[in-house]
Amino acid sequence: MEPINIESSSKTPSIKFDPEKSTLEIKGRSIPENSIEFYKPLVDWLDIYSKDPHHKTQVNIQLEYFNTSSSKCILDVFKKLEAIHKAKYDVLINWFYEEDDEDMLEAGEDYESIVRVPFKMVEIVD
Amino acid sequence: MSFNLSEYYANHSKGDVVLAYKGSITSELINDILEAVEKKLKEANAESRLRKKIYNVLVESLQNLFHHIEPVHEGINLDLDPKFGVLIIEHDGEYYKVTTGNFVNSRRIKFLKEKIDKINSLTKDELKDMYKFILNHQKLSAKGGGGLGLVDIARKSGNKLEYEFYVYSDTYSFFNLTIRV
């Protein structure tokens, strides 16, 4: 299938899938006013991907900021990953946060408690 | 005495103002404000943890305005821009104060009061539970975050939301919200 590749903007993160490493990466800021519109291509892509996923899927979430409107869309993305995991494929979500950013760590833990997918909290040290 | 917008704006921007704005709240304006504030906070050497909190609170406050401002101010006898809103950021001692103001239909007051009072009555852990519940159970509306914004603001700021409604006309009130970060 076509790998996904979306460039970042001042309000939206980059989204990339590396088929060789089976790694999906969301990186940057996610603060658009209309997040449904922004995340739709990713959600659609995951719908297709989930029909024939790689044995292992690694997901790197490295967000500097995200707004509450994005938080719902991110949950939608995680629910798609949960379905893949439930179908007995390996899925790991690496949630990156900067060392002084407890809010971002807590946000990751909130998701971890809602979706049944293995999470790893990864501290970024300068 | 009825609400006087100019007085309100003057009264709220007396202190150590980082940024004060009144006018249309558009997507481009939000970009500009965020960029300007980020730069100012860096120049002021605010620690990065605090900068992030302010930035987050600002994004949610501005997007709340963006999504919920009434587009038409019928009967408001002012030459107001469409999507009129006020944003003031002040440095007040150990706090940064983010104040937003906008006209609301007075019918919305009860809903907003109840929502904010509820949020203010909760402990840190209860706020976390409320956030997670809304995140997991409420659909995202075309208007935005589906009610998460204020809860998130309260969580990130760690302080109570201060609000006031000023009667403006039979139909409209002016809603002031102040957040200390």
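The points below comment on a predicted model of two chains, A and B, and go through the sheet of chain A, the contact between the chains, and the strands and helices of chain B.

1. In chain A, six strands make up an open sheet with mixed pairing, and their order in the sheet is β1-β2-β3-β4-β5-β6. The edges of this sheet are formed by β1 (5-6) and β6 (119-124) of chain A, each of which has a pairing partner on one side only. At the β1 edge, β1(A) and β2 of chain A (residues 14-18) run antiparallel and are joined by two bridges, and within this pair A:Asn5 is placed opposite A:Lys16 of β2(A).

2. Towards the β6 edge, helix α3 of chain A (residues 102-114) lies across β5 (90-98) and β6 of chain A, and the helix runs at about 160° to β5(A).

3. One loop residue of chain A can be followed in some detail, namely A:Thr12, which sits in the loop between β1 and β2 of chain A. Is A:Thr12 buried or exposed? It counts as partly exposed, because it has 19 C-beta neighbours inside 10 Å, whereas 20 or more would be required for a residue to be called buried. When residues up to four places away in sequence are left out, A:Thr12 touches A:Ser30, A:Pro32 and A:Phe38. The C-alpha atom of A:Thr12 is also separated by 9.6 Å from that of A:Tyr39, a residue 27 residues apart from it along the chain.

4. Turning to the contact between the chains, 17 residues of chain A are in contact with 24 residues of chain B. On the chain A side, α2 (68-86) and α3 of chain A each supply at least two residues, and α2(A) gives the most, with five residues. By class, the residues on this side of chain A divide into five nonpolar, six polar and six charged.

5. Chain B contains a run of antiparallel pairings that is best read strand by strand. Strand β1 of chain B (residues 16-24) pairs with β2(B) in the antiparallel sense over eight bridges, and in this pair B:Val17 stands opposite B:Glu90 of β2(B). Strand β2 of chain B (residues 84-92) is in turn joined to β3(B) by seven bridges, again with the two strands running antiparallel. These two strands, β2(B) and β3(B), form a hairpin with two residues between them, and B:Gly93 in the turn has a positive phi of about 60°. Nine bridges then join β3(B) to strand β5 of chain B (residues 172-180), and this pair also runs antiparallel.

6. The residue B:Thr99 of β3(B) links these pairings, since it stands opposite B:Ile88 and has B:Thr178 as its bridge partner in β5(B). As for burial, β3 of chain B (residues 95-105) is mostly covered, with eight of its eleven residues buried. Strand β2(B) has seven of its nine residues buried, so it is largely enclosed by the rest of the structure.

7. What is the burial of helix α6(B)? Nine of its nine residues are buried, and the helix is therefore largely enclosed by the rest of the structure. Among these buried residues are B:Gly149, B:Asp152, B:Arg155 and B:Lys156, so a reader should note that the buried set includes residues classed as polar or charged as well as nonpolar ones. The buried residues of α6(B) pack against elements of both chains, namely α2 and α3 of chain A together with α3 (48-68), α4, α5 (124-137) and β5 of chain B. After α6(B) comes B:Gly158, which has a positive phi, near 75°.

8. Helix α6 of chain B (residues 149-157) also has a described packing against helix α4 of chain B (residues 109-121), in which the two axes come within 10 Å and cross at roughly 30°. Angles under 35 degrees count as roughly parallel, and α4(B) and α6(B) are therefore roughly parallel to each other. The crossing of α4(B) and α6(B) is right-handed. The contact is made by B:Lys115, B:Ile116 and B:Ile119 from α4(B), and by B:Leu150, B:Val151 and B:Ala154 from α6(B). By class, this contact has five nonpolar residues, no polar residues and one charged residue.

Conventions:
Residues numbered from 1 in each chain as written. Chains lettered and ligands numbered in written order. Predicted model: local features only at pLDDT ≥ 70, side-chain atom pairs only at ≥ 80, totals over all residues. Pairing = 2+ DSSP bridges. Helix = DSSP H or I, 4+ residues; strand = E, 2+ residues; numbered from the N terminus. Contact = placed C-beta atoms within 7 Å. Axes fitted to C-alpha atoms, helices over the stretch in contact; angles between N-to-C directions. Buried ≥ 20, exposed ≤ 12 C-beta atoms within 10 Å, placed from the backbone. Parallel < 35°, antiparallel > 145°, perpendicular 65-115°, else oblique. Left-handed = near helix turned anticlockwise from the far one by under 90°.
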